[in-house]
Amino acid sequence: MRASAVAVEAAIERVSVSAYEIPTDAPESDGTLEWDSTTLVLVEVVAGGERGLGFTYSDAAAAKLIEGKLAGAVMGVDALSPQAAWAAMQRQVRNLGQQALSAMAVSAVDIALWDLKAKLLGVALADLLGRFHARVRVYGSGGFTSYPNERLAEQLGGWAAEGIPRVKMKVGRDPDADVERVRVARGAVGPNVELMVDANGAWQRKQALGWMERLAEEFGVTYVEEPVSSDDLDGLRLLRDRAPAGMSVAAGEYGWDLPYFARMAPCVDIQQADVTRCGGITGLLRVDAICKAHSIPFSAHCAPAISAHACCAMETLAHLEYFHDHVRIESLLFDGVLEPDAGALVPDSSRPGLGLELRRDVAEEYAL
């Protein structure tokens, strides 16, 4: 009876959107891109006296799309039925294209709706979704190609010292410098920390094979992300099949919809997805089923404040990317952000929803 009463009173009443641009703490680059700021688009939804929040890392144009197309689609929908709102949003963006900017906009709203539902029911989002895992293992991620070697060693070595037993660095921008950079990284983290690299699609197939063999043999690298473009599925399959023993090939952070992941899963050792890009919580949980069907593990891309809760509900989870930029931004803008404990994030069952509260005074300094 109580659940029915809540459902009657919990129609979505209001949707608000804001965008914030946060400068990086230093110039950043990877194998194929350079940047000096990150934009977070925040969605807040209100129903039944509670406020849910969600966000995506996108362009401010996503905020306009949410205001103009998606807010109206979810108004009046039962707040206890986020999947129904998700389907309504997909219909609304049909003629705009359901990938890319539309997918990120849908993701932000969907996350806010799940946060709202958990708050209405008074439970943590991880508990609402159901936990396969009490703890979500993380890996420290940064190691940008723009960093001097001293900063590279400080960052990766710092994560290792904090008890995070796996770290990832960027490679591929300057092949002449990469061997020394990886050597510095291995020296900073020691022999017992898993060392991972991300080329962001900077290599060609045969070039990638050479690098993978060398990195595995000389430095014990166990994981390479996007050795070639994620659009090159044949190349990913080739590299997966010919990778050195003990080295995994991963990709998937640019996946927008389920067909994308269904095509990629047979081509990689580890499937990635980003909850702020792939359709939010509703979309992400479906990726778990694809991974299970293909007997491969899943690794979550970024947004740890959200991903930690969603990942608890993913049976195939391997780990979550504890990405420097997003950790810094989420800690700046929100109270209640989780911190690693022995290399893992543990969502707090005593905090409803995502357990986050916007620091409005701080956020206002970065508002667009």
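1. In this predicted model, helices H3 and H4 meet through a set of side-by-side residues. From H3 come Pro-82, Gln-83, Ala-85, Trp-86, Met-89 and Gln-90, and from H4 come Val-106, Val-109, Asp-110, Leu-113, Trp-114 and Lys-117. Sorted by class, this contact has 8 nonpolar, 2 polar and 2 charged residues.

2. The geometry of that pair is as follows. H3 covers residues 82–92 and H4 covers residues 100–121; their axes come within 9 Å and cross at roughly 165°. Because angles over 145 degrees count as roughly antiparallel, H3 is roughly antiparallel to H4. The crossing of H3 past H4 is right-handed.

3. A second helix pair is H6, residues 149–161, with H7, residues 175–189. Here the axes are 8 Å apart and the packing angle is about 35°. H6 also passes its partner H7 in a right-handed crossing.

4. Which residues of H6 and H7 meet? On the H6 side they are Asn-149, Leu-152, Ala-153, Leu-156, Gly-157 and Ala-160. On the H7 side they are Glu-180, Arg-181, Val-184, Ala-185, Ala-188 and Val-189. The class count for this contact is 8 nonpolar, 2 polar and 2 charged residues.

5. Turning to single residues, Pro-227 sits in a loop, with strand E7 (221–225) on one side and helix H9 (233–242) on the other. Is Pro-227 buried or exposed? Pro-227 has a relative accessible area of 0%, so it is buried.

6. The contacts of Pro-227 can be listed once neighbours within four places in sequence are left aside. They are Ala-199, Gly-201, Ala-202, Trp-203, Ala-208, Met-212, Leu-236, Leu-239, Val-249 and Ala-250. As a separate distance, the C-alpha atom of Pro-227 is 16 Å from that of Ser-29, a residue 198 places away along the chain.

7. Ser-18 belongs to strand E1, which runs over residues 14–29. The relative accessible area of Ser-18 is 19%. Buried means under 20%, so Ser-18 counts as buried.

8. What does the side chain of Ser-18 join? A polar contact of 2.9 Å links it to the side chain of Tyr-20. Outside the neighbours within four places in sequence, Ser-18 is in contact with Leu-40, Val-41 and Leu-42.

Terms used
Residues are numbered from 1 along each chain as its sequence is written. This is a predicted model: local features need pLDDT of at least 70, side-chain atom pairs count only at pLDDT 80 or more; totals for chains, interfaces and linings use all residues. Side-chain values use heavy atoms; hydrogens and water are left out. Helices (H or I, at least four residues) and strands (E, at least two) are DSSP runs, numbered from the N terminus. Buried means under 20% relative accessible area, exposed over 50%, partly exposed in between (1.4 Å probe, protein chains only). Contact means heavy atoms within 4.5 Å. A polar contact is a pair of N or O atoms within 3.5 Å; within protein, one must be able to donate a hydrogen and the other to accept it, and residues adjacent in sequence count only if both atoms are side-chain atoms. Axes are lines fitted to C-alpha atoms, for helices over the stretch in contact, and angles run from 0 to 180 degrees between N-to-C directions. A crossing is left-handed if the near helix is turned anticlockwise from the far one by less than a right angle, and right-handed if clockwise. Ala, Val, Leu, Ile, Met, Phe, Trp, Tyr, Cys and Pro count as nonpolar, Asp, Glu, Lys and Arg as charged, and the others, Gly among them, as polar. Angles under 35 degrees count as roughly parallel, over 145 as roughly antiparallel, 65 to 115 as roughly perpendicular and the rest as oblique.
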